[in-house]
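Q: Could you take me through one part of this protein in close detail? I would like to see how a single helix and the loop after it fit into the whole.

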Amino acid sequence: ALSQHPRLLIVGAFGDGEAALAALPGLEPQVAILDIALPGALNGVQLGLLLRRQLPELGIVLLSNHGDPEFVASLPPGAITGWSYLLKRSVSDAAALGRAIEGAAAGFVVLDPQLVSGLQPRPDGPLSRLTPRQTEILGLIAQGYTNAAIARQLTLAEKSVQNQINQIYQQLGI
């Protein structure tokens, strides 16, 4: 599916983390798609962090069989940008995979749609103050949707989406 995408060029595929770590810096990719459970001594998160030391702008897409956002939450605060986290069952959704790749390349944090829909805010946390529509919009933002795409998805005017996002930012103190 990736080789058919008009804006993507696959520059390499590797059997383990050590081989990827040795070869990827020379290939200078914009994004690396890494399985969390790699054969060998490195897991996908460790490999991503090591690659980032050599390629600071590299986007990372992590794939996992397990819906555990703690993998992304455990990243050092300065390293979190440009990471996407997808469940392997979502990879068959080419649009979700494309958003994750493009989001990682752009420096965004993109989470799997199934993870986002399953998250519940703490009752006393700032997210609990959001309206259901704002929560829905925030979930789409987390999946890498643009304002225009959110407007299309929710059948809203793009200006309405922008207004809602501004209200979300105010509510969350962003």
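A: Happy to; here is a close look at helix α7 and its surroundings, with the overall fold as a frame.

A word on the basis: this is a predicted model, where local features need pLDDT of at least 70, side-chain atom pairs count only at pLDDT 80 or more, and totals for chains, interfaces and linings use all residues. Residues are numbered from 1 along each chain as its sequence is written, and side-chain values use heavy atoms, with hydrogens and water left out.

Let's start with helix α7, residues 147-154. Helices here are DSSP runs of H or I with at least four residues, strands are runs of E with at least two, and both are numbered from the N terminus. The buried residues of α7 are Ala-149, Ile-150, Ala-151 and Leu-154; buried means under 20% relative accessible area, exposed over 50%, and partly exposed in between, with a 1.4 Å probe and protein chains only. These buried residues pack against α6 (132-142) and α8 (158-172), where a contact means heavy atoms within 4.5 Å.

Right after α7 comes Thr-155, with a positive phi near 55 degrees. Most residues other than glycine have a negative phi. Thr-155 sits in the loop between α7 and α8, and counts as exposed because its relative accessibility is 71%.

Glu-28 offers a companion case: its phi is also positive, near 50 degrees, and it is not a glycine. Its place is the loop between α1 (17-27) and β1, and at 60% relative accessibility Glu-28 counts as exposed.

Now for the frame. The protein has eight helices and four strands, which run α-β-α-β-α-β-α-β-α-α-α-α from the N terminus on. The four strands form an open sheet in the order β1-β2-β3-β4, with parallel pairing; two strands pair if DSSP finds at least two bridges between them. β1 (31-35) and β4 (110-111) stand at the edges with a single partner strand each, so one side of each has no neighbour in the sheet. Strand β3 (residues 83-87) pairs with β4 over two bridges, and Val-110 in β4 is the bridge partner of Ser-84.

Across the whole protein, 36% of the 174 residues count as buried. Its radius of gyration is 17 Å, which agrees with the value near 16 Å for a compact globule of 174 residues; this is taken over C-alpha atoms, with the globule rule being 2.2 Å times the number of residues to the power 0.38.
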